[in-house]
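Here's a quick tour of one protein model and the ligand it holds. Have a look at the sequence and the structure first, then read on.

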Amino acid sequence: MAENRDKKDKHFPLFAHDNPLRRLFISPRKYCSLVKKDQTVADLGCGPGYFSIALAECVGVKGRVYAVDSDEKSIRAVERKAAKLKYHNIDAHASSAANLSFIEDGSVDFVLADGLLCCMAPQTHQKAVSEIKRILKPKGKAFLGVAKGSMSYVDKAEWEEILSGFKVKQRNKESLLKGRQALVLKN
Ligand SMILES: C[S@@+](CC[C@H](N)C(=O)[O-])C[C@H]1O[C@@H](n2cnc3c(N)ncnc32)[C@H](O)[C@@H]1O
């Protein structure tokens, strides 16, 4: 669609995704139950690393977390946090999730894409979804979450199309507050 071509990646101030209020309602360890020690994780659209830092702690020193965001400032924030905590297992990249050429095929156990696709320029969604499939191990899983409503770049029809390319393990009852979320496996 012509109007979609004008939509650019959305970026946010750092405090929008890491602040004391968020910590009251959503634990940074929210996704830790989906990973095991020594695993490789890709947090795509990681923002300032709210979940990436906790995931790095959960996979441990022999694990690895790729923290990827197209916003340079967010990636610098992740790097600062990792340096302060002396976490050496975080690989932060300022890059679009539509180009993950620095991640090998079939090398990732868990992809987190919480709020990614609904903020990504629509013309790049397909590429990002195929990158997610490419980097996942055959038995890897991904958590996909998109906002609902008029501000979201992913509508219901596109969401269903994205999910049809995966094996859906679990999905939520959609709501305006939680948006659309699904835990998926490679098809
Ligand atoms: C709603 S925020 C979610 C941040 C983070 N996942 C969290 O929950 O704290 C969406 C993030 O996606 C990033 N983003 C937007 N377009 C992107 C793209 N093409 N590639 C990677 N990240 C992108 C934004 O910069 C922003 O940090």
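How far does a polar side-chain atom of Asp-9 lie from a nitrogen atom of the ligand, and what is that distance in Å? The answer is 2.8 Å. Keep in mind that this is a predicted model.

Asp-9 isn't alone at this site. The ligand has 22 residues around it, and those that come nearest are Asp-9, His-11, Arg-22, Gly-45 and Asp-69. Sorted by character, the shell contains eight nonpolar, eight polar and six charged residues.

Here are three of the polar pairs side by side, with Asp-9 listed again:

| Residue | Atom on the protein side | Ligand atom | Distance |
|---|---|---|---|
| Asp-9 | polar side-chain atom | nitrogen | 2.8 Å |
| Asp-69 | N or O atom in the side chain | oxygen | 2.6 Å |
| Ala-97 | polar backbone atom | nitrogen | 2.9 Å |

As for cover, the ligand on its own has 590 Å² of accessible area, and the protein covers 96% of that.

Now for the sheet. Seven strands make up an open sheet with mixed pairing, and reading across gives β3-β2-β1-β4-β5-β7-β6. Why is one side of β3 and of β6 left without a neighbour in the sheet? Both β3 (90–94) and β6 (166–171) stand at the edges and have a single partner strand each, so there's nothing in the sheet on the other side. On average, neighbouring strands are turned by 20 degrees against each other, if you ignore direction.

Zooming in on one pair, β5 (residues 136–146) and β7 (residues 180–186) run antiparallel and are joined by six bridges. Leu-144, for instance, has Ala-182 in β7 as its bridge partner.

Two helices are worth picking out against this sheet. Helix α3 (residues 50–59) packs on it and touches β1 (40–44), β2 (64–69), β3 and β4 (108–114). The direction of α3 makes about 170 degrees with that of β2. Helix α5 (residues 125–135), meanwhile, lies across β1, β4, β5, β6 and β7, and α5 runs at about 145 degrees to β5.

Key:
Residues numbered from 1 in each chain as written. Predicted model: local features only at pLDDT ≥ 70, side-chain atom pairs only at ≥ 80, totals over all residues. Heavy atoms only, no water. Pairing = 2+ DSSP bridges. Helix = DSSP H or I, 4+ residues; strand = E, 2+ residues; numbered from the N terminus. Axes fitted to C-alpha atoms, helices over the stretch in contact; angles between N-to-C directions. Contact = heavy atoms within 4.5 Å. Near = heavy atom within 4 Å. Polar contact = N/O pair within 3.5 Å; in protein donor to acceptor, adjacent residues only side chain to side chain. Areas by Shrake-Rupley, 256 points an atom, 1.4 Å probe, with all protein chains shown as cover. Nonpolar A, V, L, I, M, F, W, Y, C, P; charged D, E, K, R; others polar.
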